[in-house]
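Colleague: I am new to this one. Could you show it to me, and let me ask how you know what you tell me?

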Amino acid sequence: MPADRATEHQGQGTDSLPEPGERALDPRLANELVDHRFKGLPPDAEGLTVAALAGQRRSLFTGGFTTPVLALSAESVEHNLVLLESYSARHGLAFAPHGKTSMSPQLFARQLDHGAWGITAAVPHQVRVYRAFGIQRIFLANELVDAAALRWLAGELDRDPRFRFICYADSVRGVELMDEALRAAGARRPVEVVVELGAGEGARTGARTEADCAAVADAIAAAPTLRLAGVAGYEGEVPAADGDTVRAWLRRLVALAADFDKAGRFDSGEAGTTGASAEGTSDAKVAPPEIVISAGGSAWFDAVADVFAEIPPLSRPVLKLLRSGAYISHDDGHYRHLTPFNRVPEEGALQPAFRLWAQVVSRPSPAQAFVNAGKRDAAYDLDLPEAQVVRDGRTGEIRPAAGIAVTGLSDQHGWLTTAPDADLEVGDWVGMGLSHPCTSFDKWQLIPLVEADGTVTDLVRTFF
């Protein structure tokens, strides 16, 4: 095996970011031992550190990796990072990609290297993972009402004055619970809160009407531990979503921010709160530095870009915050069909980065075969895996998976149907594309990052 060490470019996110590609791999990740906990890794790598195994630059196919094994294309990940960085900059958007997709500090670091403002989270555990790896700006796209989590948050904000945290609120009761818990914790810094506008009746979370949103904003203004930072929501939940209905909802969101601003709700006297001075005493109420307006999943960020370009001048600068997360790996199913780049091809195209490799372990009939990957290994909540290529077990040749289709998954088996002329036998490897990144990453704790020729250059750790 080649002994030259792979470039170590991942690490912790901070406000003072190194130049892209200059991050050192976090020692906690680099020094983790390879052992039985991690699927698909070479048995003879037992006891090596992750950094040592990556540094050997083994082949995914001949370097001892066992099936099933999930691979992430190094070239496609880099392409996707660059594309969303340039897209966001071109449209004047700040970018806080949703980290729930990968839950990988190494990928977060690369997203930050590629211009991300911060990382979005969904639940308190994710926030704790982000902080453990030094993420300095976190947007929690949910209402936070767990008292234990709020106690931890108050301590974290107090411990690190550089840490910026923003979360949703969509109910007066939620605001009351936040304030009660933060008071009990002796919170010294405000928690910044954005009012979540629901996407419509029957949609997911969010206050349903502008009047409801105003009531939540007033409750935030009355809470000494909170500060109104802006408005937000998720356009992907608009009922019967299409370009017109999504843009109409986004314009409601922008109008809500403008109405709040006109009413003075973002002024220090209305929405400010106390903070801690250098002497540990409470500062006077202060206005937020900017107005946050946030939206954007992975299906409609083109609409977000269009409508956010229309935001009128407000009393202070606007942070136009996009939160799309699935882009980093993209997929061969759900998001392949939904990506906005299908509608705006002149802006570029994302590349699917996942390939699940499984071995044919049974060929009981000319029309049927079974591979050793199933529900424990492949996403199946939206679409079944897609057979794409076959690596010949005798010659190592890779050919298209002609006449081969995945028709079902058991826990540990994939069911394949094969046409009469399909070239497939026991021992061959089948490379499959996956649908839905969020339920692909979460089945694997350590994922080989693989170059086009099969060389494994890194191992991506996830924390689900």
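**Reading the model**

Modeller: Start with a hairpin: four residues link β14 to β15. This is a predicted model.

Colleague: What makes β14 and β15 a pair?

Modeller: Two strands pair if there are at least two bridges between them. Strand β14 (residues 404–409) and strand β15 (residues 414–418) have five bridges, in the antiparallel sense. One match to look for is G408, whose bridge partner in β15 is W415.

Colleague: How many bridges join β6 to β7, and in which sense do they run?

Modeller: Strand β6 (residues 191–196) and strand β7 (residues 226–232) run parallel and are joined by six bridges. The cut-off is at least two. E192 stands opposite R227 in β7.

Colleague: What is the order of the strands in the open sheet?

Modeller: The sheet has eight strands, in the order β2-β9-β8-β7-β6-β5-β4-β3. The pairing is parallel.

Colleague: Why are β2 and β3 said to stand at the edges?

Modeller: β2 (94–95) and β3 (119–121) each have a single partner strand, so one side of each lacks a neighbour in the sheet.

Colleague: Which strands does helix α5 touch?

Modeller: Helix α5 (residues 124–132) packs on the sheet and touches β3, β4 (137–143) and β5 (164–169). Its direction makes about 150 degrees with that of β3.

Colleague: Now the helix pairs. Why is α3 called oblique to α4?

Modeller: The axes of helix α3 (residues 74–90) and helix α4 (residues 105–113) cross at roughly 40 degrees and come within 9 Å. Under 35 degrees would count as roughly parallel, and roughly perpendicular runs from 65 to 115. The angle fits neither, and that makes α3 oblique to α4. The crossing is right-handed.

Colleague: Which residues make that contact?

Modeller: From α3 come V77, E78, L81 and E85. From α4 come L107, R110, Q111 and D113. They divide into three nonpolar, one polar and four charged.

Colleague: How do you know that α9 and α11 are oblique too?

Modeller: Take helix α9 (residues 243–262) and helix α11 (residues 301–308): their axes come within 9 Å and cross at roughly 45 degrees. Set that against the cut-offs of 35 and 65 degrees. α9 and α11 are therefore oblique to each other. Their crossing is right-handed.

Colleague: What is the make-up of the contact of α9 with α11?

Modeller: α9 gives V246, R247, L250, R251, L253 and V254. α11 gives D302, A303, V304, D306, V307 and F308. The split is eight nonpolar, no polar and four charged.

Colleague: What is notable about the backbone in the loop between α2 and β1?

Modeller: Two things. The peptide bond from T67 to P68 is cis, with omega near -5 degrees. P68 lies in the loop between α2 (50–55) and β1 (69–73). R57 is in the loop between α2 and β1 as well, and its phi is near 50 degrees, a positive value in a residue other than glycine. Most residues other than glycine have a negative phi, and most peptide bonds are trans.

Colleague: Last point: what is the mean pLDDT of the chain?

Modeller: The mean is 92, and 90% of the residues reach 70 or more. Two stretches fall below 50: residues 1–22 and residues 269–285. Beyond near neighbours in sequence, residues 1–22 have 60 contacts in the model, and residues 269–285 have 43.

Methods. Residues are numbered from 1 along each chain as its sequence is written. This is a predicted model: local features need pLDDT of at least 70, side-chain atom pairs count only at pLDDT 80 or more; totals for chains, interfaces and linings use all residues. Side-chain values use heavy atoms; hydrogens and water are left out. Axes are lines fitted to C-alpha atoms, for helices over the stretch in contact, and angles run from 0 to 180 degrees between N-to-C directions. Helices (H or I, at least four residues) and strands (E, at least two) are DSSP runs, numbered from the N terminus. Angles under 35 degrees count as roughly parallel, over 145 as roughly antiparallel, 65 to 115 as roughly perpendicular and the rest as oblique. A crossing is left-handed if the near helix is turned anticlockwise from the far one by less than a right angle, and right-handed if clockwise. Contact means heavy atoms within 4.5 Å. Ala, Val, Leu, Ile, Met, Phe, Trp, Tyr, Cys and Pro count as nonpolar, Asp, Glu, Lys and Arg as charged, and the others, Gly among them, as polar. pLDDT is the predictor's confidence in each residue, from 0 to 100.
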